[in-house]
Amino acid sequence: MTIAIGFEGSANKLGIGIMKDGEVLANERVTYITPAGQGFLPRDTARHHQAHILDLLDKTFEVAKIKPADIDVVCYTKGPGIAAPLVSVAVVARTVAQLWKKPIIGVNHCIGHIEMGRLITGADNPIVLYVSGGNTQIIAYNEKRYRIFGETIDIAVGNCLDRFARVLKLSNEPSPGYNIEIAAQAAEKFIPLPYCVKGMDVSFSGLLSFIEERASNLVINDGYSVEDLCFSLQETVFAMLVETTERAMAHCNSEEVLIVGGVGCNKRLQEMMQIMAEERGAKLYATDERYCIDNGAMIAQAGWEMFRSGQVTDFEDTTCTQRYRTDEVDVTWRD
């Protein structure tokens, strides 16, 4: 029996989770919400995490019904992410590891998403579409590494959605992307937008500039609505992602696709991916907001896998890396 605690704070979600041999004992989270039309600044996000992390830690142990002495390994997000909140959470993880005299493991944020997705859905060896506010990658496992087959060459798809929501002054509660998804359901027409796929990679910055201009001229260009713009944005960016994911599936002869990351909660994205998977005779795996959105349990699960395969991070190496690539990690726990 191995019990791992995971600390996640790479962006505006602060999460602490506890995993026991594949069982979720606790998965607590608080989110830093800013006013409509505003993003979150690194320093303010770090202050939020610092203000809430100890109370969240107490709550996590209360929910899990265990004590610090029961923990076998402390896991934290090493990166990628935003420096200030990453470091704020890592400091707490380092501190409790010393206080409790436990080994510590720095976990790659993306691999946390993948391993939690595999655990919850039961996917065996899927092509992974990792979509979030800061990351967009198409990934496949091969020879002890998660290989990146395609990715964004500029901004992440979640960042694209969030920035457009900011232009429209949509609420950040519970998230900008969710409010775009809701608005899109009331659309009446599709507006053609730039579609930028370059081989296996995608680009969203030009599309964002184009649609931001349309949003600012809504009154002048009468004939489409905010809801139409939200719908058109979703349809276009998700079609780009489905296309590149299908190409990776064809290349790897894969019959499974797993969507992870915060944008993976989007029902329309799941629906479009499901259509593609069915046409290929493949199966789609996806989770809900408990595990799609950044959380501590996913860091605990990936750390649990690493620890069980013999990995431990030397204390002097328990740093944070803003640009920690998915394909840099030795995947020692998979055949």
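## Exercises on a predicted model

The residues that line the second largest pocket comprise six nonpolar, three polar and four charged ones. The model is predicted.

**Exercise 1.** Describe the second largest pocket by its volume and by the residues closest to its centre.

*Solution.*
Step 1. The volume of the second largest pocket is about 200 Å³.
Step 2. Its lining has 13 residues, and those closest to the centre are Asn 125, Ile 127, Ala 140, Tyr 141 and Cys 252.
Step 3. Two strands, E7 (136-142) and E8 (145-151), each supply at least two residues of this lining.
Step 4. The largest share comes from E7, with three residues.

**Exercise 2.** Work out the strand order of the sheet that contains E7, and find which strands stand at its edges.

*Solution.*
Step 1. The order is E8-E7-E6-E11-E12, an open sheet of five strands with mixed pairing.
Step 2. E8 and strand E12 (283-285) each have a single partner strand, so one side of each has no neighbour in the sheet.
Step 3. From one strand to the next, the twist averages 25 degrees.
Step 4. Within this sheet, strand E6 (residues 127-131) pairs with E7 in the antiparallel sense over four bridges. One of the bridge pairs joins Leu 129 to Ile 138 in E7.
Step 5. Helix H3 lies across E6, E7, E8, strand E11 (256-260) and E12, and runs at about 125 degrees to E11.

**Exercise 3.** Do the same for the sheet that contains E1, and identify the helices that pack on it.

*Solution.*
Step 1. Five strands in the order E3-E2-E1-E4-E5 make an open sheet, again with mixed pairing.
Step 2. The edge strands are E3 (23-31) and E5 (104-108); each has a single partner, so one side of each is left without a neighbour in the sheet.
Step 3. Direction ignored, neighbouring strands of this sheet are turned by 20 degrees against each other on average.
Step 4. Strands E1 (residues 3-8) and E2 (residues 13-20) are paired in the antiparallel sense over six bridges. Here Glu 8 has Gly 15 in E2 as its bridge partner.
Step 5. Helix H2 (residues 83-99) packs on the sheet and touches E1, E2, strand E4 (73-79) and E5, with its direction at about 160 degrees to that of E4.
Step 6. Helix H10 (residues 296-308) also packs on the sheet, touching E1, E2, E3, E4 and E5; its direction makes about 130 degrees with that of E1.

**Exercise 4.** Which residues carry the UniProt feature "binding site", and why can they be said to gather at one spot?

*Solution.*
Step 1. The unreviewed UniProt entry places the feature at His 109, His 113, Tyr 130 and Asp 294.
Step 2. These residues span 186 residues in sequence, yet no two of their C-alpha atoms are more than 12.0 Å apart, so they gather at one spot.
Step 3. Of these residues, His 109 lies in helix H3 (residues 109-121).

**Exercise 5.** Locate two cis peptide bonds and a residue other than glycine with positive phi.

*Solution.*
Step 1. Most residues other than glycine have a negative phi, and most peptide bonds are trans.
Step 2. The bond from Gly 79 to Pro 80 is cis, with omega near -5 degrees, and Pro 80 is in the loop between E4 and H2.
Step 3. The bond from Glu 173 to Pro 174 is cis too, with omega near -5 degrees. Pro 174 is placed in the loop between helix H4 (157-167) and helix H5 (176-184).
Step 4. Lys 101 has a positive phi, near 60 degrees, and is found in the loop between H2 and E5.

Conventions: Residues numbered from 1 in each chain as written. Predicted model: local features only at pLDDT ≥ 70, side-chain atom pairs only at ≥ 80, totals over all residues. Heavy atoms only, no water. 1 Å grid on protein atoms, 1.4 Å probe; cavity = no way out; pocket = protein on both sides within 12 Å on 5 of 7 lines; lining within 4 Å. Points joined across faces, edges and corners; volume = space filled by probe spheres on them. Nonpolar A, V, L, I, M, F, W, Y, C, P; charged D, E, K, R; others polar. Pairing = 2+ DSSP bridges. Axes fitted to C-alpha atoms, helices over the stretch in contact; angles between N-to-C directions. Contact = heavy atoms within 4.5 Å. UniProt positions renumbered as here; feature names shortened; annotations may be inferred.
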